[in-house]
Amino acid sequence: MVRQNIYPARAGAQIQPEVYGNFSEHLGRCIYEGLYVGEDSAIPNVNGMRTDVVEALRNIQLPVLRWPGGCFADEYHWKEGIGPKADRKRIVNTNWGYVVEDNSFGTHEFLELCRQVGCKPYINGNVGSGTVQEMAEWIEYMTAGGDSTMAKLRGKNGHAEPWQIDYFGVGNENWGCGGNMRPEYYADLYRRYQSYVKQYGEKKIFKIACGPGTNVSDPNYNWTEVLMKNAGAYMDGLSLHYYTTPSDDWNHKGSATDFTREEYEVTLRKALFMETLLAGHGAVMDKYDPEKRVALVVDEWGTWYDVEPGTNPGFLYQQNTMRDAMVAALTLNLFNKHADRVRMANIAQTVNVLQAVVLTDGAKMVLTPTYHVFDLYKVHQGATLLHSSVSCGCDEASGLPLVQESASRAADGSLSTTLCNPSAAEAVEMETVVTGCEMELAEALVLAGEIHAHNDFETGSPVQIQALDGVAVAHEGGNTVLRFTLPPCSAARLTLR
Ligand code: AHR
């Protein structure tokens, strides 16, 4: 039996809704086909945005969407993506399959997508191959009112009113595809470029500097150290990228659906390396920013496998199983626990790329197991983290925790906990003690399945959220005690009022 203690009297930081964000890049079928089909498509759409996908993203209350990349961002020239579509420049997407990009999805289309989804925009600027002037004018184009040249150009292109841009990234992976820079050089460039991200509207634009790329053999603390030391005062957030792969060999990362139990366990152990990264980079940031003013923004995370057989290797299309659901459930609980520093995160990517929440095939759409985790966990958005812990350690054979969890209290007073049992085969008997208060169970839900279970276009969608039956509630000594069983390979949410 595993005991979980939740202490409602010990409140932590607010869990920013943006921790449940997504990332969408001009890569493979993420933007084109996945999100945007164009106004003339036979697939139901509003102003070119797929209605089914927009509805699905609204359902998980997607709080923020990052765009246009990724590596694509540092080759993206925004003026090529505005104005009449027939006149837009056709370019080669050199990062992702050398396909021709017709720029029919640009600034106006992205901000229209955000409007329909009801999420905040997070736009990533181009430092690697763009100029300071280009970045400065993009900000002016999007956010300035009045009759400046850029504001008038925006009006001519059909949007008289300025938009509100909440988040702006100054470059992406500038240690790699964004220019192969040394941290000292990028820190100086960041200081310069961000100087011209001006504030035209009332809302201050939250500026995000490119942070470290990390992996299990190199957490890359030096990048964070140099950035915080030299440019910390000029940023609101510092990004961090971490991808989970079953194998360290990038040429053979492993299949998304055909994996052994050992590969399943390795993948989850590697996903849990996120804890080391959050603690380690958080500690470096604490040295320069003990008040935690600067947010850690994990704006790319998720699983990365070999592409599905027969698909374009440059498109990064992979299926998504209960293994991915477990990666999401564990990772999101970690983000909750680090709410004081982690204030945005963006899973890579929204549709048809890497650990997607949605897959599409023509007019068909499938919601992945990862999607359902976002659905289960959405109650944490904007809630207050509560101190909680579990009595168990790790399973000796797999090295995985028996149970991993987090808990929060929402503004309406309800208390929710999300728990993950990562074991491939063993159920766990749980006793959850909510100390010092007597509450009633309002809802108990679970996502569970065999480790390879997934939803697809041919065989349907067996992986769904279900009621978690058999939860016994007792009030003992002024506490609320819940007794229930967590099935193997499951994520559950219990809500009390
Ligand atoms: O998400 C795919 C790619 O991974 C992004 O373009 C890049 O930033 C990262 O290397």
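Let us start with Leu-354, which is buried at 1% relative accessibility. In this predicted model, Leu-354 sits in the loop between strand 14 and strand 15. Although Leu-354 is not a glycine, its phi is positive, at about 50 degrees. That loop also holds Gln-349, and the peptide bond from Ala-348 to Gln-349 is cis, with omega near -10 degrees.

A second residue invites comparison with Leu-354. Tyr-98 is not a glycine either, and its phi is positive at about 55 degrees. Is Tyr-98 buried or exposed? With a relative accessible area of 58%, Tyr-98 is exposed. Its place in the chain is the loop between strand 6 and strand 7.

There is a further cis peptide bond to point out, joining Gly-69 and Gly-70, with omega at about 15 degrees. Gly-70 belongs to the loop between strand 5 and strand 6.

I turn now to the helices, beginning with helix 1, which covers residues 51-59. Its buried residues are Val-53, Val-54, Ala-56 and Leu-57. Viewed down the axis of helix 1, these buried residues fall within an arc of 160 degrees, so they line one face of the helix. The general background is that an α-helix has 3.6 residues a turn, so residues three or four places apart point the same way. What does the buried side of helix 1 pack against? The partners are strand 2, strand 4, helix 2, strand 15, strand 16 and helix 10. Just after helix 1 comes Gln-61, with a positive phi of about 55 degrees.

Helix 6, residues 221-231, offers another case. Here Trp-223, Thr-224, Val-226, Leu-227, Met-228 and Ala-231 are buried. The cover over these residues includes helix 5, strand 10, strand 12 and helix 8.

The next topic is charged side chains. How many salt bridges does a search of the whole structure find? The search finds 30, and I shall describe three of them.

In the first example, Glu-18 and Lys-120 meet through their side chains, at 2.9 Å from N to O. Glu-18 lies in the loop between strand 1 and strand 2, and Lys-120 in strand 8, so this pair ties together parts that are 102 residues apart in sequence. Glu-18 is buried, at 3% relative accessibility, whereas Lys-120 is partly exposed, with a relative accessible area of 32%.

My next example is the salt bridge between Arg-341 and Asp-286, at 2.7 Å from N to O. This pair also links distant parts of the chain: Arg-341 is in the loop between helix 9 and strand 14, Asp-286 is in helix 8, and they are 55 residues apart. Arg-341 is buried, with a relative accessible area of 3%, while Asp-286 is partly exposed at 29%. Both belong to a network of salt bridges that links Asp-286, Asp-289, Lys-292, Asp-340 and Arg-341.

My remaining example joins Glu-33 to Arg-29, with the closest N and O atoms 3.4 Å apart. Glu-33 is partly exposed, at 39% relative accessible area. Arg-29 has 19% relative accessibility; the cut-off for buried is under 20%, and Arg-29 therefore counts as buried.

Let us move to the ligand. Which of the 13 residues around the ligand come nearest? They are Glu-25, Cys-71, Glu-173, Tyr-243 and Glu-300. An N or O atom in the side chain of Glu-25 is 2.7 Å from an oxygen atom of the ligand. For the side chain of Glu-300, the corresponding distance to a ligand oxygen is 2.7 Å, and for that of Asn-172 it is 3.1 Å. Taken alone, the ligand exposes 280 Å², and the protein buries 94% of that area.

Two individual residues complete the tour. Thr-432 lies in strand 20 and is buried, at 0% relative accessibility. Its side chain makes a polar contact with the side chain of Gln-4, at 2.7 Å. Leaving aside residues up to four places away in sequence, Thr-432 touches Gln-4, Ile-6, Thr-480, Val-481, Leu-482 and Phe-484.

Asn-251, by contrast, is exposed, at 63% relative accessibility. Asn-251 is found in the loop between strand 12 and helix 7. How far from Asn-251 is Asp-306 in space, C-alpha to C-alpha? The two are 8.0 Å apart in space and 55 residues apart in sequence.

Conventions
Residues are numbered from 1 along each chain as its sequence is written. This is a predicted model: local features need pLDDT of at least 70, side-chain atom pairs count only at pLDDT 80 or more; totals for chains, interfaces and linings use all residues. Side-chain values use heavy atoms; hydrogens and water are left out. Buried means under 20% relative accessible area, exposed over 50%, partly exposed in between (1.4 Å probe, protein chains only). Helices (H or I, at least four residues) and strands (E, at least two) are DSSP runs, numbered from the N terminus. The arc is that of the directions from the helix axis to the C-beta atoms. Contact means heavy atoms within 4.5 Å. A salt bridge is a side-chain nitrogen of Lys or Arg within 4 Å of a carboxyl oxygen of Asp or Glu. A residue is near a molecule or strand if one of its heavy atoms lies within 4 Å of it. A polar contact is a pair of N or O atoms within 3.5 Å; within protein, one must be able to donate a hydrogen and the other to accept it, and residues adjacent in sequence count only if both atoms are side-chain atoms. Accessible areas come from the Shrake-Rupley method with a 1.4 Å probe; for residues, only the protein chains shown count as cover.
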